[in-house]
Amino acid sequence: MPSRFCVAIVILMVVMIALSYLPIHGEGEIYDTVVRLHVLANSDSAEDQALKLEVRDAILAVTAPLVEGCESQSDAVAALEGGMAEIEAAARDVIAAAGREDEVTVLIGREKYPTRTYESCAFPAGEYVSLRVCIGEAAGQNWWCVLFPPLCLSAASDGEADENAFISVGLSKDQYGIITETGKTKYKVRFKLLELIRGR
């Protein structure tokens, strides 16, 4: 009998701990608010990795003004789709200037991402709308960032600027808190629950 009582107590404690980590209502909206950027290098060679970063910089120079003023994910996607020719041309120009003949493919669609931690925030694994740029064989290390809200260029920005960017496009302060718990264990639990709920 004592052993059954101990088991019951342990189960109760586990349930209570789990309940304390239940997702805040609306966490799933994180997936439907942002647009990610995914640049894939031709290979892991130093030359290909350097080219990847040059292509990234050229694409960001084009996409930043495209998404400026957008108020939702759908607005950003529409703006990016309208600028696809310009985005692809920017990537091709960089490749040609480097004396390379790598093919480049630029697509917008839903793509699965692992849990990813950036300088000031982290995002749960799952399926996000993504601008995907494939250089050559696209077999090298990736480069990710958040294209909308425009955080790809925010390495030097402060946390308040990032918060304002997310809240302006629809995330609540609580939802923003979820993705900025980068220094805490709690966000990992929330992310796992969110991924399980969404079946990813």
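**Exercise 1. Determine how strand S6 is covered and how it pairs with strand S1.**

Solution. Strand S6 spans residues 142-148, and six of its seven residues are buried. Buried means under 20% relative accessible area, exposed over 50%, and partly exposed in between, with a 1.4 Å probe and protein chains only. Strands (E, at least two residues) and helices (H or I, at least four) are DSSP runs numbered from the N terminus.

The model is predicted: local features need pLDDT of at least 70, side-chain atom pairs count only at pLDDT 80 or more, and totals for chains, interfaces and linings use all residues. Residues are numbered from 1 along each chain as its sequence is written, and side-chain values use heavy atoms, with hydrogens and water left out.

Next, consider the pairing. Strand S1 (residues 35-40) runs antiparallel to S6, and six bridges join the two; two strands pair if DSSP finds at least two bridges between them. Within this pairing, Leu 37 has Cys 145 of S6 as its bridge partner.

**Exercise 2. Classify the ring pairs formed by Tyr 113.**

Solution. Rings of Phe, Tyr and Trp (its six-membered ring) pair if their centres lie within 6.5 Å; planes under 30 degrees apart count as stacked, over 60 as edge-to-face and the rest as tilted. This rule gives three aromatic pairs.

1. For Tyr 113 and Tyr 128, the ring centres are 5.8 Å apart and the planes stand at 85 degrees, so the pair is edge-to-face. Because Tyr 113 lies in strand S2 (residues 104-113) and Tyr 128 in strand S5 (residues 126-135), the pair ties together parts that are 15 residues apart in sequence.
2. For Tyr 113 and Trp 144, the centres are 6.2 Å apart and the planes at 55 degrees, so this pair is tilted. It links distant parts of the chain, with Tyr 113 in S2 and Trp 144 in S6, 31 residues apart.
3. Tyr 113 has 4% relative accessibility and therefore counts as buried; Trp 144, at 15%, also counts as buried.
4. Together, Tyr 31, Tyr 113, Tyr 128 and Trp 144 form one aromatic cluster.

**Exercise 3. Identify the rings over which Arg 36 and Arg 56 lie.**

Solution. A charge sits over a ring if NZ of Lys or CZ of Arg is within 6 Å of the ring centre and within 35 degrees of the ring normal. Arg 36 lies over the face of Tyr 113, 4.2 Å from the ring centre. The charged end of Arg 56 sits over the ring of Trp 143, at 4.7 Å from its centre.
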